[in-house]
Amino acid sequence: MSYLLKDLYSPAFYDRLTSALVSVLPDFDREKFLKEIFNEDFSSKELKERMKHTSKVLYGFLPADYSETIEIIKKTIEELRKKGIGEDGLAFMFLPDYIETYGIDYFEESVEALEFTTQFVSCEFAVRPFILKYGDLMLTKMQEWSLHESHKVRRLSSEGSRPRLPWAMGIPFLKKDPASILPILENLKHDSSEYVRRSVANSLNDIAKDHPNIVLNIAKSWSGLSVETDAIIKHGCRTLLKQGHVEILKHYGLNDEGIVLKDFEILTPKIKIGESLTFSFSIKNENLTDQKVRLEYAIYYKKQNGQNTKKVFKISERIYPAGAEVSIVRKQKFVLITTRKFHLGDHQIAMIINGAEKESSSFDLLA
């Protein structure tokens, strides 16, 4: 039997949760709580619905005074920690949801609660309604968090303020003008935690989609400061590199002159869903000097309306010695996933050398 994410909210999970709540609240009615959790609709609820359901049911068992409630939540987290339960556990995302849902009008109390709770389970989604409601007041607090002793709080400052955080509510004013989050990223560019530095890179990549020149200027400013900052800006510029942005290609010394694509061939011109497209080619550096070569390929997926949508995949990036020639065989799987639906018919693949699209060819995707 396959395991579903929604099953994180299992009887065993609620048993552990209620044990902690009873330790904090001796009068907590465990039986009534479980009865309300496992109502007639519970089995049909998906992951997010179960999360929302848990925070809603819990609300009915906690004090009306929000400040008191937050103290109980903090003590419950401490109790769970004592028992070695739940640190970074996805099921406990109902706690940030509780703060987001019931604490939006209590700025000071909720900010403190988010700072505490994110060290147990990430609050990157829950903080966003506070950014929308309180604007610069919340962002000022997040800038303070960027200097926090806990790397999880520091990451909240960058991840929670990303203009285009996946699966989260959008923050239009940050997409329009990201200036207010740049000090946060500046504070974190030398962070000791890779977990934090990767978040900084993801935020830069978000910004690059709307303001490429801002990220290009940051790349120039941070370049060479350390191995870590170089890694941040390289990952933060990944969308610009895939787009073949002229200035970022120039920044990384990526020039296609004298780099020749040879013998490009699709070895499987007809494939079925579930199979792999296989193609081969050779690359030769005809320059008299060594050359950095970034190899990519673009798949032009057929859309329902008959048009194509382009997605770029990286093969490698390395130095090719003068005169070197390398033969490569590559496969691209066409396996169904939840985030992509395939449409049958003619597709295209194109080879990309240092951001410049070269030869292309067609293949058929069959049922």
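This tour moves through a predicted model, with selections to make in the viewer at each stop.

**Helix H8**

Begin by selecting helix H8, residues 136–145. Which residues of helix H8 are buried? They are Met138, Leu139, Met142 and Trp145. Viewed down the helix axis, these residues cover an arc of only 105°, which puts them on the same side of H8. An α-helix has 3.6 residues a turn, so residues three or four places apart point the same way.

Next, add the surroundings of this buried face. The elements that cover the buried residues of H8 include helix H6 (107–117), helix H7 (128–134) and H9. Helix H10 (172–176) and helix H11 (182–188) also belong to this cover.

**The largest cavity**

Keep helix H9, residues 151–159, on display, for it gives the most to the lining of the largest cavity, with three residues. To see the whole lining, select Asp88, Thr118, Ser122, Lys152, Arg155, Leu156 and Tyr195. The enclosed volume is about 50 Å³. Colouring the lining by class shows three charged, two polar and two nonpolar residues.

**The second largest cavity**

The structure holds two cavities of 30 Å³ or more. The second largest has a volume of about 40 Å³, and its lining is formed by Leu17, Leu21, Leu58, Ile72, Ile73, Thr76, Phe94 and Leu95. Helix H1 (11–24), helix H4 (66–82) and helix H5 (94–102) are the elements that give two or more residues to this lining. Of these, H4 gives the most, with three residues. How many residues of each class line the second largest cavity? Seven are nonpolar, one is polar and none is charged.

**Helix H14**

Now select helix H14, residues 227–236, and show the side chains of Thr229, Ile232 and Ile233 together with Gly236; these four are the buried residues of the helix. They lie on the same side of H14, because the arc they cover around the axis is only 90°. To see what they pack against, display helix H12 (194–210) and helix H13 (212–222), then helix H15 (238–242) and helix H16 (246–251).

**Two cysteines**

Select Cys237, which is buried at a relative accessible area of 1%. Then move to Cys123, which also counts as buried, with 0% relative accessibility. How many disulfides does a search of the whole structure find? The search finds zero.

**Two residues with positive phi**

Most residues other than glycine have a negative phi. The last two stops carry positive values.

Select strand E1, residues 259–266, and locate Asp263 within that strand. Phi of Asp263 is near 55°, a positive value in a residue other than glycine. Is Asp263 buried or exposed? With a relative accessible area of 58%, Asp263 is exposed.

Finish at the loop between strand E7 (345–353) and strand E8 (356–366), where Asn354 lies. Although Asn354 is not a glycine, its phi is positive, at about 50°. Displaying the surface around this loop residue shows its setting: Asn354 is buried, with a relative accessible area of 2%.

Definitions and conventions. Residues are numbered from 1 along each chain as its sequence is written. This is a predicted model: local features need pLDDT of at least 70, side-chain atom pairs count only at pLDDT 80 or more; totals for chains, interfaces and linings use all residues. Side-chain values use heavy atoms; hydrogens and water are left out. Buried means under 20% relative accessible area, exposed over 50%, partly exposed in between (1.4 Å probe, protein chains only). The arc is that of the directions from the helix axis to the C-beta atoms. Contact means heavy atoms within 4.5 Å. A disulfide is a pair of cysteine sulfur atoms within 2.5 Å. On a 1 Å grid over the protein atoms alone, a cavity is a set of points where a 1.4 Å probe fits but cannot get out, and a pocket is an open set with protein on both sides within 12 Å along at least five of seven lines; lining residues have an atom within 4 Å of a point. Grid points are joined across faces, edges and corners, and a volume is the space filled by probe spheres set on the points. Ala, Val, Leu, Ile, Met, Phe, Trp, Tyr, Cys and Pro count as nonpolar, Asp, Glu, Lys and Arg as charged, and the others, Gly among them, as polar.
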